[in-house]
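Please open the model in your viewer and keep the selection panel at hand. The tour below moves from one selection to the next and says what is found at each stop.

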There are 2 protein chains.
Amino acid sequence: MQVTSMKKTAPKANPAPPRRSICPVANTLDRVGDKWSLLLVRDMLAGKTTYGQFLESPEGIPTNILADRLKRLEQFGIIARSAYQERPVRYAYTLTTEGRQLQRVLGALADWGLENIAGTKKKLGPGSFVR
Amino acid sequence: MQVTSMKKTAPKANPAPPRRSICPVANTLDRVGDKWSLLLVRDMLAGKTTYGQFLESPEGIPTNILADRLKRLEQFGIIARSAYQERPVRYAYTLTTEGRQLQRVLGALADWGLENIAGTKKKLGPGSFVR
DNA sequence: TGCAAACACTTGTAATATGCAAGTGACTAG
DNA sequence: CTAGTCACTTGCATATTACAAGTGTTTGCA
């Protein structure tokens, strides 16, 4: 099939999603403002790196949501994917520098929950990200 | 009406929604982990109190979502509703002590956005909640 | 050589949430 | 009496989420 013009192949890869406002809070929420994204960041801060490890978390993220969120977070530059072995290829997901800076957000969310929601507990130990 | 046993009439009014885990982050996200709730908290920290004022924010929250979120946040004890005038009755929504403590979360989200998302700006002035 | 199992997903489908437009009721100003 | 405002509610189309099941690649083991 002959291509007579390149009209359809856009010069930009992504058409830049419309932003709700210039507010930094609104823009941050558009990236991680859902029920799952920040839990994945939490898990990565705690040292988890693989798809299987994320599935083990007690909240029980559905597999399709997990795949979607990993893709989104990677597109936003919050996490990076790298193969940690070939044959079979296995991927490790880790936080970028940007992603690691979300630690302050996670810490604030955790503090609020511990103070204001009965029955919440921080799991201390080597894997804990808090402070 | 005779009550032979109290098995069915629960001592609690609400059946307590199932929690995903005891993690303070997950529980906090179950209350405010969506695209709109924290923007309303932001607006209230900035001094807004009425339904109409929330609608004016640049993000453009739909009216049904606004009504729903105000109800939810009130149920969670994050905001309180009070009539500031009778005839016609008009309501003011304000943060509770718990709600005001979300300021740390908002501050962290704003800081992250300002550092990592190009084009975001904090609107300084009398209404700014940052710090 | 065959077979079960693990990993990292993808697909299908139903339930739920969101976004948009329009409508409602109580009042108020002209 | 009419138009307009405020604070919502309702209907409906679309999008997102949750749950279950399936896929392809590879390894361990009999």
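Which oxygen of DNA strand D lies 3.1 Å from a polar side-chain atom of B:Arg90? Select B:Arg90 together with DNA strand D in this predicted model, and you will find that the partner of this polar side-chain atom is a sugar or linking oxygen of the strand.

Next, select A:Lys35, where an N or O atom of the side chain is 3.2 Å from a phosphate oxygen of DNA strand D. Then go to A:Asn64, whose side chain places an N or O atom 2.8 Å from a base nitrogen of DNA strand D. To see which elements contribute two or more residues to the surface near DNA strand D, colour helix H4 (63-75) of chain A, and in chain B helix H3 (51-55), helix H4 (63-75), strand S1 (79-85) and strand S2 (90-95).

Now widen the selection to the 21 residues that surround DNA strand D, of which the closest are A:Trp36, A:Asn64, A:Arg69, B:Thr63 and B:Tyr93. Coloured by class, this surface shows nine nonpolar, six polar and six charged residues. On the DNA side, 69% of the atoms of strand D within 4 Å of the protein belong to sugar or phosphate, and the rest belong to bases.

Finally, display chains A and B alone. Chain B is superposed on chain A by a rotation of 180° with 0.0 Å of shift along the axis, at an RMSD of 0.0 Å, and the two copies are therefore related as by a two-fold rotation axis. The same surface serves both copies, since 100% of the contact residues of chain B recur in chain A. To locate the axis, select B:Asp34, which of the residues of chain B comes closest to the rotation axis, at 2.4 Å for its C-alpha.

Note on methods:
Residues are numbered from 1 along each chain as its sequence is written. Chains are lettered from A and ligands numbered from 1 in the order in which they are written. This is a predicted model: local features need pLDDT of at least 70, side-chain atom pairs count only at pLDDT 80 or more; totals for chains, interfaces and linings use all residues. Side-chain values use heavy atoms; hydrogens and water are left out. Copies are superposed by least squares on the C-alpha atoms of residues with pLDDT of at least 70 in both. Contact means heavy atoms within 4.5 Å. A residue is near a molecule or strand if one of its heavy atoms lies within 4 Å of it. A polar contact is a pair of N or O atoms within 3.5 Å; within protein, one must be able to donate a hydrogen and the other to accept it, and residues adjacent in sequence count only if both atoms are side-chain atoms. Helices (H or I, at least four residues) and strands (E, at least two) are DSSP runs, numbered from the N terminus. Ala, Val, Leu, Ile, Met, Phe, Trp, Tyr, Cys and Pro count as nonpolar, Asp, Glu, Lys and Arg as charged, and the others, Gly among them, as polar.
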